[in-house]
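Reader: I am new to this structure and would be grateful for a close look at a single part of it. Please begin with one helix and then set it within its surroundings.

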Amino acid sequence: MTPQYWTQATQELAACDPVMHQLIGQFPDATLVSRGCAFTTLARSIVGQQISVKAAESVWQKVIGAIPDITPHTIAAAEQDLLRTCGLSARKVTYLQDLSRHFREGDLSETAWGEMNDEAVIKQLIQVKGIGRWTAEMFLIFHLHRPDVLPLDDIGLQRAMSLHYLDKQPVDKNIMLELAKPWQPWRSVATWYLWRSLDPLPVAY
């Protein structure tokens, strides 16, 4: 499912930023896509922490091979050794099981997310072990389709902004915020195109 705002966002970004104009033209048929399942999105985000998009996809495919029906109950019931053989660290196994517990016990108010602002959703999600601000921001972008998220801690975004805007010079958060001002209120979309510029495999959680 593609966000309803995608066409408007790409038109406005292309009009206000030459780099965005070039990237949007380079990937005309590509869009951000939601997988439609909150638990799966968060689980994939945990799996993808601190590893490449390609490595994360490889590990996730092994998890699906071992546990074809990914739910809070099946992950909670899975043997730790089984999850470890999929390429997950002991820490990530713990994180996935804590995520499962929060879903099973109803601690994450899925029905309320639509009424909550971005920061409120982040505050709720970071109560889960292993979910920090970055993972919560991936959830905002990929599951809730929030249009104006700028994940300042994302290494891919930092690399892409350095490459396309600063002639490969280092970036810091203040520079990133300044460069991203023209993208508002579509910073999620701009971020997605910058990720896309680095990796032939579209980022998806």
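**A buried helix and its surroundings**

Author: In helix 3, the buried residues are A38, F39, T40, T41, L42, A43, R44, S45, I46 and V47. The model described here is a predicted one. Helix 3 spans residues 38-47 and is mostly covered, with 10 of its 10 residues buried. Among the elements that cover these buried residues are helix 4 (53-66), helix 5 (72-77), helix 7, helix 8 (118-125) and helix 9.

The wider setting is the division of the protein chain into domain 1 (5-33 + 149-198) and domain 2 (38-143). Between the C-alpha centres of domain 1 and domain 2 the distance is 25 Å. To the contact, domain 1 brings 11 residues and domain 2 brings seven residues.

The nonpolar core comes next. In soluble globular proteins, nonpolar side chains tend to be buried together. The largest nonpolar core here has 64 residues, and the members that touch the most others are M20, L99, W113, L125, W183 and Y193. Helix 9, residues 133-142, makes the greatest contribution to this core, with seven residues. Because domain 1 and domain 2 both give residues to this core, it lies between them.

One of the core members just named, W183, can be followed further. Apart from neighbours within four places in sequence, W183 is in contact with L13, D17, M20, L150, M161, Y165, A190 and L194. M20, itself one of the core residues that touch the most other members, is thus found again among the contacts of W183.

There remains the open space in the model. The largest pocket holds about 670 Å³ of space. Its lining is made up of 26 residues, of which G48, Q50, I51, W134 and D154 are the closest to the centre of the pocket. Two or more lining residues come from each of helix 7 (90-104), helix 9, helix 10 (155-165) and helix 12 (187-198). Helix 9 supplies the largest share of the lining, four residues. Sorted by class, the lining of the largest pocket comprises 10 nonpolar, nine polar and seven charged residues. Since residues of both domain 1 and domain 2 belong to the lining, the largest pocket lies between these domains.

Helix 9 therefore recurs through this account: helix 9 is among the elements covering helix 3, gives the most residues to the largest nonpolar core, and gives the largest share of the lining of the largest pocket. Both that core and that pocket lie between domain 1 and domain 2.

How values were computed
Residues numbered from 1 in each chain as written. Predicted model: local features only at pLDDT ≥ 70, side-chain atom pairs only at ≥ 80, totals over all residues. Heavy atoms only, no water. Core = buried A, V, L, I, M, F, W, Y, C linked by side-chain atoms within 4.5 Å. Buried < 20%, exposed > 50% of the residue type's maximum accessible area, 1.4 Å probe, protein only. Domains from an automatic or database assignment. Contact = heavy atoms within 4.5 Å. 1 Å grid on protein atoms, 1.4 Å probe; cavity = no way out; pocket = protein on both sides within 12 Å on 5 of 7 lines; lining within 4 Å. Points joined across faces, edges and corners; volume = space filled by probe spheres on them. Nonpolar A, V, L, I, M, F, W, Y, C, P; charged D, E, K, R; others polar.
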